[in-house]
Amino acid sequence: MSFERLRDDVERGLHLHAHAMATDTGLITPYTRLTRADAVQQLREANTALTALRITDPLDDGGARAVVEAAARNGTLRTLRALDLDCKRLTVLSDDLVRLTDMQELMLGGNELTRLPVGVSRLGCLRVLDLRQNRLQTL
């Protein structure tokens with residue numbers, strides 16, 4: 001995301017709030033706290049509709065990719081609107097993240113990200129994007 005695009009989005013009303021402005025329970029609904037394995041299992045089940053997810057156990061890049069891909073593949077139940085992957089030492093995110101078109105709150109602070117997935121600026125519902133303490137050089 002270019003600085004110009006971010007500025008334009010803000011001017012059009014896409015407000016990206018700092019993490020400190022969000023409450024502990026999130027802006028949407030209280031987070032469902034699950035381990036990576038449980039989250040992937042529930043996201044893959046056709047009858048599961050998680051709206052806000054916080055991963056509770058340590059996570060590597062592959063684990064984060066599995067969570068995002070499972071959520072993106074859930075077809076018509078892609079209802080995940082809040083995802084908390086704070087402080088997981090992630091260096092990359094799956095490009096499938098941009099398929100989560102209802103995403104409103106994305107918490108990625110305290111990782112080692114150097115780039116965001118291509119197309120993240122197309123997440124039109126996104127209201128909170130926490131990128132604090134990463135290795136990003138540009139947006």
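This report describes the fold, the sheet, one loop residue and the cysteines of a predicted model.

## Model and confidence

The structure is a predicted model. Its chain has a mean pLDDT of 77, and 73% of the residues reach 70 or more. Residues 10-28 are a stretch where pLDDT stays under 50. For that stretch the model has 31 contacts beyond four places in sequence.

## Overall composition

The chain contains three helices and five strands. Read from the N terminus, the elements follow the order α-β-α-β-α-β-β-β.

Of the 139 residues in the chain, 44% are buried. The exposed surface of the chain comes to about 7400 Å², and carbon and sulfur atoms supply 48% of that area. Among contacts with a separation of 6 or more, 46% are between residues 24 or more positions apart.

## The sheet

The five strands make an open sheet, ordered E1-E2-E3-E4-E5, with parallel pairing. E1 and E5 are the edge strands, each pairing on one side only. On average, neighbouring strands of this sheet are turned by 15° against each other, direction ignored.

At one end of this order, strand E1 (residues 32-34) is joined to E2 by three bridges, and the two strands run parallel. One of the residue pairs here is Leu34 with its bridge partner Ile55 in E2. E2 also pairs with strand E3 (residues 82-84), again in the parallel sense and over three bridges. In this pairing, Arg54 has Asp84 of E3 as its bridge partner. At the other end of the order, E4 and E5 run parallel and are joined by three bridges. Leu106 has Leu129 in E5 as its bridge partner.

## Strand E2

Strand E2 spans residues 52-55, and its side chains alternate in direction. Ala52 and Arg54 point one way, while Leu53 and Ile55 point the other way. All four residues are buried, Arg54 included. Two of them also appear in the bridges described above: Ile55 is the partner of Leu34, and Arg54 is paired with Asp84 in E3.

## Leu116 in the loop between E4 and E5

Leu116 lies in the loop that runs between strand E4 (105-107) and strand E5 (128-130). Is this loop residue buried or exposed? Its relative accessible area is 13%, so Leu116 counts as buried, the cut-off being under 20%.

Leaving aside neighbours within four places in sequence, Leu116 is in contact with Leu108, Leu131, Leu136 and Leu139. Leu116 can also be placed relative to Ser94: the two are 22 residues apart in sequence, and their C-alpha atoms are 9.0 Å apart in space.

## Cysteines

How many disulfides does a search of the whole structure find? The search finds zero. A disulfide is a covalent bond between the sulfur atoms of two cysteines.

Accessibility values are available for Cys87 and Cys125. Cys87 has a relative accessibility of 58% and therefore counts as exposed, since the cut-off for that class is over 50%. Cys125, with a relative accessible area of 31%, is partly exposed, because this value falls between the limits of 20% for buried and 50% for exposed.

Notes
Residues are numbered from 1 along each chain as its sequence is written. This is a predicted model: local features need pLDDT of at least 70, side-chain atom pairs count only at pLDDT 80 or more; totals for chains, interfaces and linings use all residues. Side-chain values use heavy atoms; hydrogens and water are left out. Buried means under 20% relative accessible area, exposed over 50%, partly exposed in between (1.4 Å probe, protein chains only). Two strands pair if DSSP finds at least two bridges between them. Contact means heavy atoms within 4.5 Å. A disulfide is a pair of cysteine sulfur atoms within 2.5 Å. Accessible areas come from the Shrake-Rupley method with a 1.4 Å probe; for residues, only the protein chains shown count as cover. Axes are lines fitted to C-alpha atoms, for helices over the stretch in contact, and angles run from 0 to 180 degrees between N-to-C directions. pLDDT is the predictor's confidence in each residue, from 0 to 100.
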